[in-house]
Number of protein chains: 2
Amino acid sequence: MLPYVFGVDIGGTAIKLGAFRTDGTLLEKWQIPTRTEDGGKNVLPDALDALRGWMARNQIGWEQVEGVGMGVPGPVKIDGTVSGCINLNWGELHLPAILHELEPAISKFRVTNDVNAATVGELWKGAASDNLSAVMVTLGTGIGCGIVADGRVMSGSEGAAGEIGHFCVDREATVPCKCGKYGCLEQYCSATGLLRCAKLALFQQASRPSSLREKKRLSAKDVCDAAREGDALALELLDELGEKLGWALTAMASTVNPEVFIIGGGLSKAGDILLQPIERSFQKYAFHAFQDTAFVLAELGNDAGIYGCAKMVLD
Amino acid sequence: MLPYVFGVDIGGTAIKLGAFRTDGTLLEKWQIPTRTEDGGKNVLPDALDALRGWMARNQIGWEQVEGVGMGVPGPVKIDGTVSGCINLNWGELHLPAILHELEPAISKFRVTNDVNAATVGELWKGAASDNLSAVMVTLGTGIGCGIVADGRVMSGSEGAAGEIGHFCVDREATVPCKCGKYGCLEQYCSATGLLRCAKLALFQQASRPSSLREKKRLSAKDVCDAAREGDALALELLDELGEKLGWALTAMASTVNPEVFIIGGGLSKAGDILLQPIERSFQKYAFHAFQDTAFVLAELGNDAGIYGCAKMVLD
């Protein structure tokens with residue numbers, strides 16, 4: 001094994017980079033802006049230049065680098081083809097070929113979806129480091145999901161394994177999701193979804209007191225904070241989020257049977273007040289074979305991606 | 001590659017065996033009864049004796065056999081440990097070790113859950129032979145499920161990947177499943193579940209005419225036959241089965257993103273009258289990324305297992 005490895009986590013606004021020793025030590029992490037103009041054609045050259053700059057400063061050549069792992073914000077097939085990344089203005093691209101053309105000296109290249117990369121990171125150095133398989137669900141603007149099962153990152157036939165945000169959790173729903181369908185998990189359990197449900201509840205239960213009414217610009221974080229302070233309406237909102245999400249996760253458990261679920265994303269900063277209702281609902285609905293499945297909060301935050309990207313090269 | 005390979009599909013009443021050339025030609029298939037007494041301790045020796053008998057008759061030695069693949073009716077971990085097979089009276093067993101002790105000359109041994117094996121079989125020589133990944137759902141007394149994703153059979157951390165029969169599809173249900181929970185998929189979408197729903201509908205809609213009322217001992221097959229002949233109540237029953245199953249399969253698609261769903265098991269003999277409502281519901285609820293997922297009926301019937309077992313050795 002060569003001494004160095006890079007993790008590159010490409011997001012819509014920033015490219016996060018990590019330089020590691022192959023023993024797992026993070027030597028340096030930094031980020032650069034993502035230039036998404038012109039069909040995102042600068043994204044990969046910029047990332048490579050950033051790595052080359054670090055290598056030059058540290059007098060390291062590609063012959064000392066085990067490889068580069070990359071996470072991208074979109075579906076990635078098992079052969080490294082992305083079908084398109086809206087946030088990067090990318091269409092269909094075969095990343096291994098492009099990377100090889102840009103820098104033939106890279107000896108090993110691995111690429112996956114960004115949430116898959118974060119899942120690998122949490123399994124390696126984070127919340128699930130005692131485990132071999134995990135499903136990670138990130139609750140932010142939308143819902144992301146990464147899956148490591150039977151020791152491998154799952155891609156799916158179209159790179160869409162783990163696209164759980166639009167699983168219908170309410171077949172009677174009448175409010176359309178932005179995807180055009182109804183009752184999508186994201187409409188209830190993302191940060192955006194929680195906020196939507198909160199506003200709806202405040203409107204529908206106009207006479208009910210709640211500290212949420214005092215907020216000028218209500219946020220999902222406000223709901224979590226209010227729940228922690230005992231606000232009954234806020235607690236109910238998190239219960240309802242947990243009910244739907246915990247139940248949806250029983251479907252994922254029934255499919256891939258992970259050792260642990262990792263709850264991440266911005267909303268997960270709320271901690272146990274969020275985690276407990278999810279786990280309670282899971283226990284209520286899960287078949288006995290899955291009742292020992294653990295639930296943990298993500299630990300590595302924005303660094304999970306660079307860790308996971310590096311780890312994919314080492315595996 | 002050595003010239004021969006065996007597939008051994010162990011069921012609760014019969015052990016099905018197949019002798020293949022490694023080019024995929026089935027040379028002979030046969031079956032022997034499963035002796036489940038004494039903790040099922042005869043099952044593996046009996047299976048081996050059956051293979052040895054075939055080899056003796058055909059003057060073939062183990063040095064000409066690439067390996068033995070086996071399917072068992074219970075969860076199998078990725079290391080070949082079964083956690084217990086109720087129908088065989090087996091507790092926890094590490095099958096590769098036991099097989100090696102019984103016959104050290106076997107050069108390669110593969111084992112998985114019986115429905116996983118059937119899925120591999122259908123992908124190799126059956127309904128999904130144009131595909132690389134599939135989720136197979138068998139509708140019989142219960143619901144079984146096999147998953148091949150990203151080119152590999154899925155096991156799950158406890159060997160319970162694909163245990164979808166007890167996913168809750170009705171959170172308001174009040175009739176308990178035999179598992180102790182409520183609203184399990186199996187209670188609605190297995191052959192047993194369909195029969196239960198049919199009896200309930202006939203009782204609850206006592207004044208409604210239906211040809212099902214003329215049956216002395218109603219069966220799930222009667223419901224499918226009546227639907228094919230245009231009986232409105234029977235058609236509604238299959239619609240409702242399809243509604244629940246198709247929707248549950250969107251959760252599996254969201255998790256592993258297979259190319260194709262294979263519907264098998266006794267109930268699948270009903271054909272398109274069963275398949276169409278499942279696919280219709282899937283299309284209604286599936287996120288756009290999954291709308292091209294194909295649906296096919298299983299083709300190999302009881303032979304799927306031996307084919308899949310043999311194929312696992314060849315992979």
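Begin by selecting Glu243(B) and Arg171(A), whose side chains meet in a salt bridge with an N to O distance of 2.8 Å. The model is a predicted one, and this pair is a convenient way into the contact between its chains. Across the interface of chain B and chain A, 2 salt bridges are found by the rule, along with 22 residue pairs in polar contact, both residues of each pair being at pLDDT 80 or more.

Next, colour the side of chain B that touches chain A by its secondary structure elements. Those that give two or more residues to this side are strand E9 (143-149), strand E10 (152-153), helix H8 (232-256) and helix H9 (272-285) of chain B. The most is given by H8(B), with 9 residues. If you then recolour this side of chain B by residue class, you should find 22 nonpolar, 13 polar and 10 charged residues.

Now widen the selection to the whole contact, which takes 45 residues from chain A and 45 residues from chain B. Between them the two chains bury about 3600 Å², of which 56% is on carbon and sulfur atoms. Pick out Asp150(B), Arg171(B) and Thr255(B), since these supply 20% of the area that chain B buries against chain A, more than any other three residues.

Turn to chain A and select helix H8, residues 232-256, which has 25 residues and reaches 35 Å from its first C-alpha to its last, close to the 36 Å expected at 1.5 Å a residue. Of the 25 residues of H8(A), 20 are buried, so the helix is largely enclosed by the rest of the structure. At the N-terminal end of H8(A), look for the cap provided by Asp231(A), a side-chain oxygen of which lies 3.3 Å from the backbone nitrogen of Leu233(A). Beyond the helix, H8(A) is followed by Asn257(A), whose phi is positive, near 50°.

Stay with backbone angles for the next stop. Most residues other than glycine have a negative phi. In chain A, select Gln59(A), a residue other than glycine with a positive phi near 50°, in the loop between helix H2 (43-57) and strand E4 (65-72) of chain A. Then select Asp150(A), where phi is again positive and near 50°, in the loop between strand E9 (143-149) and strand E10 (152-153) of chain A. Which of these positions is buried and which exposed? Gln59(A) counts as exposed, at 73% relative accessibility, whereas Asp150(A) is buried, with a relative accessible area of 16%.

Move to chain B and select Ser210(B), found in the loop between helix H6 (191-204) and helix H7 (220-228) of chain B. Ser210(B) is buried, with a relative accessible area of 9%, and its side chain makes a polar contact of 3.1 Å with the side chain of Asp231(B). Not counting residues up to four places away in sequence, Ser210(B) touches Leu202(B), Asp231(B) and Leu233(B).

The last stop is Asp46(B), which is found in helix H2 (residues 43-57) of chain B. At 15% relative accessibility, Asp46(B) counts as buried. Show its surroundings: leaving aside neighbours within four places in sequence, Asp46(B) is in contact with Ile32(B) and Arg35(B). With Arg35(B) the link is also a polar contact, in which the two side chains are joined at 2.9 Å.

Notes
Residues numbered from 1 in each chain as written. Chains lettered and ligands numbered in written order. Predicted model: local features only at pLDDT ≥ 70, side-chain atom pairs only at ≥ 80, totals over all residues. Heavy atoms only, no water. Contact = heavy atoms within 4.5 Å. Buried area = accessible area lost by both parts, 1.4 Å probe. Salt bridge = Lys/Arg side-chain N within 4 Å of Asp/Glu carboxyl O. Polar contact = N/O pair within 3.5 Å; in protein donor to acceptor, adjacent residues only side chain to side chain. Helix = DSSP H or I, 4+ residues; strand = E, 2+ residues; numbered from the N terminus. Nonpolar A, V, L, I, M, F, W, Y, C, P; charged D, E, K, R; others polar. Expected span 1.5 Å × (residues − 1). Buried < 20%, exposed > 50% of the residue type's maximum accessible area, 1.4 Å probe, protein only.
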